[in-house]
Amino acid sequence: TKTARGTLKGTKIEDITNTIEKFAIFSAVAATTAAIPNVGGVISMISQTGLVWGTYIAINKQLGISMSDNLAKFIGSAMLTNLATNAASYLVAYIGAGILSLLPIANILSIALLAAMGYVLIYASAILYLKLLTEVMRAKGTFNLDESDATKNMIKHVVKNSNVKEIIKEGRNAFKEAQKNGQFQAAKDNPTCP
């Protein structure tokens with residue numbers, strides 16, 4: 001939140017918050033490629049998935065967690081699957097935006113919707129990932145994760161026991177703030193992948 005921001009200066013939490021914002025903003029810009037008729041949806045889904053993995057890898061580096069790219073991909077894919085299952089409205093909106101992109105007048109609305117969804121996807125995935133790391137630390141005493149059913153089950157548990165709707169709402173509000181303060185426009189004008 002804005003109030004807590006000032007008290008986090010110079011901490012790992014501030015660094016992680018900045019990383020999440022950076023990836024979320026770029027995700028919002030990248031998500032707008034889904035508005036390109038026919039191929040846009042595929043381009044957007046691939047870039048969104050890669051940005052989720054990239055966010056996890058960046059957070060790991062900031063926390064000093066050693067994790068292979070394959071494990072980050074495994075966790076990211078499992079997280080996205082569980083997020084989609086628990087946020088069906090998100091998928092419906094994504095599909096709706098793809099359909100809207102086929103209509104010339106509705107394309108502008110589609111782009112705005114997709115940008116917000118791209119931001120929210122990274123925001124929600126990062127928050128849930130941090131909750132997963134907290135759960136793993138509590139259960140094992142380390143951040144040790146692996147490509148196992150136990151990890152998948154832990155991810156399922158974290159997502160199921162989180163208020164995904166509230167996290168999505170927070171993400172939407174954060175995106176509105178990024179639009180208001182010019183971060184989104186600046187990223188659109190100079191799209192640089194974090």
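1. Buried here means under 20% relative accessible area. Tyr-129 has a relative accessible area of 0%, so Tyr-129 is buried. The model is a predicted one, and the points below should be read with that in mind.

2. Tyr-129 has a stacked aromatic partner in Tyr-56: the ring centres are 4.0 Å apart and the planes meet at 15°. Tyr-56 is also buried, at 1% relative accessibility. Tyr-56 belongs to helix H3 (residues 40-63) and Tyr-129 to helix H6, so this pair ties together parts 73 residues apart in sequence.

3. How many aromatic pairs does a search of the whole structure find? The search returns three. One of them is the stacked pair Tyr-56 and Tyr-129.

4. What ties helix H6 to helix H8 (residues 164-180) in the aromatic set? Tyr-119 lies in H6 and Phe-175 in H8, so their pair joins parts 56 residues apart in sequence. Their ring centres are 5.4 Å apart and the planes stand at 50°, so the pair is tilted. Tyr-119 is buried at 4% relative accessibility. Phe-175 is buried at 3%. With Phe-184, these two residues form one aromatic cluster.

5. Now the nonpolar core. The largest one has 49 residues. Ile-75, Met-79, Tyr-119, Tyr-129, Leu-132 and Leu-145 touch the most other members. At least two residues of this core come from each of helix H2 (12-31), H3, helix H4 (69-86), H6, helix H7 (149-160), H8 and helix H9 (183-189). Which helix gives the most? H6 does, with 14 residues.

6. Leu-145 deserves a look in the viewer. Leaving out residues up to four places away in sequence, Leu-145 touches Met-67, Leu-71, Ile-75, Leu-132, Leu-133, Val-136 and Thr-151. Ile-75 and Leu-132 are, like Leu-145, among the core residues that touch the most other members. Thr-151 is a buried residue of H7.

7. H7 has a clear buried side. Thr-151, Ile-155, Val-158 and Val-159 are buried in this helix. They cover an arc of only 95° around the axis, which puts them on the same side of H7. Which exposed residues sit on the face turned away from that buried side? They are Asp-149, Ala-150 and Lys-160. The length of H7 also checks out: at 1.5 Å a residue, its 12 residues should span 16 Å, and the end C-alpha atoms are 16 Å apart, which agrees.

8. Thr-19 is a buried residue as well. Thr-19 sits in helix H2, with a relative accessible area of 8%. Setting aside residues up to four places away in sequence, Thr-19 touches Ala-58 and Gln-62.

9. Salt bridges next. Side chains of opposite charge can pair when their charged atoms come close. A search of the whole structure finds one salt bridge. Arg-138 pairs with Glu-135, and their closest N and O atoms are 3.4 Å apart. Both residues lie in H6 (residues 107-140), three residues apart, about one turn of the helix.

10. Is Arg-138 buried or exposed? Arg-138 is exposed, with a relative accessible area of 65%. Glu-135 counts as partly exposed, at 27% relative accessibility.

11. H6 recurs throughout. This helix holds Tyr-129 and Tyr-119. H6 gives the most residues to the largest nonpolar core. Both partners of the salt bridge lie in H6 too.

Methods: Residues numbered from 1 in each chain as written. Predicted model: local features only at pLDDT ≥ 70, side-chain atom pairs only at ≥ 80, totals over all residues. Heavy atoms only, no water. Salt bridge = Lys/Arg side-chain N within 4 Å of Asp/Glu carboxyl O. Helix = DSSP H or I, 4+ residues; strand = E, 2+ residues; numbered from the N terminus. Buried < 20%, exposed > 50% of the residue type's maximum accessible area, 1.4 Å probe, protein only. Phe/Tyr/Trp six-rings, centres within 6.5 Å; stacked < 30°, edge-to-face > 60°. Core = buried A, V, L, I, M, F, W, Y, C linked by side-chain atoms within 4.5 Å. Contact = heavy atoms within 4.5 Å. Expected span 1.5 Å × (residues − 1). Arc of directions from axis to C-beta.
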